[in-house]
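Open the structure in your viewer and keep the selection tool at hand. The tour below goes stop by stop, saying what to select and what is there.

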Amino acid sequence: MAETIDLSTAVALAPSIAKFRRLVTGHDDQGQAVFIEDKVCPNAHAIMGLPNFAVTELWKTTEAPVDLRNDDVDPAAGATSLAPPSRGTVFRIVEFPPDADWVGDATAAPAMHRTSSLDYAYVIDGEIVALLDRGEALLRAGDVLIQRGTNHAWVNRSDKACKVLFVLIDAMLPDLIGLKPA
């Protein structure tokens, strides 16, 4: 069995982890469009128990259509979950360190997983390998992957970090024998 993806072990972020400015719009009392937030996104967390492996949760939704009547809440605050909420979405950036920084043994099984989601992945910087049960593809800055609820893993065989922007949308998966979502 592949290793578990650890989103809960709390360690301090490495200074090298990118900080992302997040601007959020809303409406004032007169119904005019305004910026209700303009600051560094506070929802950055180390994952896998490693300070240089991080996820920044930029935004989440919990329903569709989205209720835009509340300007007072940061829906991405709190614990990080691999999959989006039921009927919801997640907008995040993951910074993957080189595998050599944390995997150690190049023959170790990657963290294969499957979520009940349609994922849009955009490589911002660096390069990363998308592994599937059968096949792999090298993605570089500017490449896009549409990940349709398949079993997959991410491998960074390079010597520098890779930043990937993800939008995960809750989805209904096809029935596949022996496979369960994360």
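Start with Trp154. Select this residue together with Phe96, His113, Ala121, Ile128, Val129, Ala130, Leu145 and Phe166, which Trp154 touches, leaving aside residues up to four places away in sequence. Contact here means heavy atoms within 4.5 Å.

Before moving on, a note on the model. It is a predicted model, in which local features need pLDDT of at least 70 and side-chain atom pairs count only at pLDDT 80 or more, while totals for chains, interfaces and linings use all residues. Residues are numbered from 1 along each chain as its sequence is written, and side-chain values use heavy atoms, with hydrogens and water left out.

**The core**

Trp154 belongs to the largest nonpolar core, a group of 18 residues. Such a core is a set of buried Ala, Val, Leu, Ile, Met, Phe, Trp, Tyr and Cys residues joined through side-chain atoms within 4.5 Å. Buried means under 20% relative accessible area, exposed over 50%, and partly exposed in between (1.4 Å probe, protein chains only). Select Phe53, Phe96, Ile128, Trp154, Val164 and Phe166, the residues with the most contacts inside the core. Next, colour the strands β4 (50-61), β5 (89-96), β6 (117-125), β7 (127-132) and β11 (162-170), each of which supplies at least two core residues. Which strand gives the most to this core? It is β11, with four residues. Strands are DSSP runs of E, at least two residues long, numbered from the N terminus.

**A lysine in β11**

Stay in strand β11 and select Lys163. Is Lys163 buried or exposed? Lys163 is buried, and it has no salt bridge. A salt bridge is a side-chain nitrogen of Lys or Arg within 4 Å of a carboxyl oxygen of Asp or Glu. The nearest side chain of opposite charge is Asp125, 4.0 Å away; for this purpose Lys and Arg count as positive, Asp and Glu as negative, and His and the chain ends are not counted. Among the residues that Lys163 touches are Phe20, Val94, Tyr122 and Ile124.

**Salt bridges**

By this rule the model has nine salt bridges. Select Arg22 and Glu37, whose side chains meet in one of them (2.6 Å, N to O). Glu37 sits in strand β2 and Arg22 in strand β1, 15 residues apart. Both residues are buried.

Now add Asp74, which forms a salt bridge with Arg22, with the closest N and O atoms 3.0 Å apart. Asp74 lies in the loop between β4 and β5, 52 residues from Arg22. Asp74 is partly exposed, at 23% relative accessible area, whereas Arg22 counts as buried at 5%. Arg22, Glu37 and Asp74 are thus linked in a network of salt bridges.

Then select Asp38 and Arg21, which also meet in a salt bridge (2.7 Å, N to O). This pair links strand β2 (residues 33-40) with strand β1 (residues 21-27). Asp38 is partly exposed, with a relative accessible area of 44%, and Arg21 is exposed, with 56%.

**A three-stranded sheet**

For the last stop, select β8, β7 and β10, which form an open antiparallel sheet in that order. Two strands pair if DSSP finds at least two bridges between them. The edge strands, β8 (136-140) and β10 (152-155), each pair on one side only. β7 and β8 are joined by five bridges. To see one of these, select Leu131 and its bridge partner in β8, Glu136.
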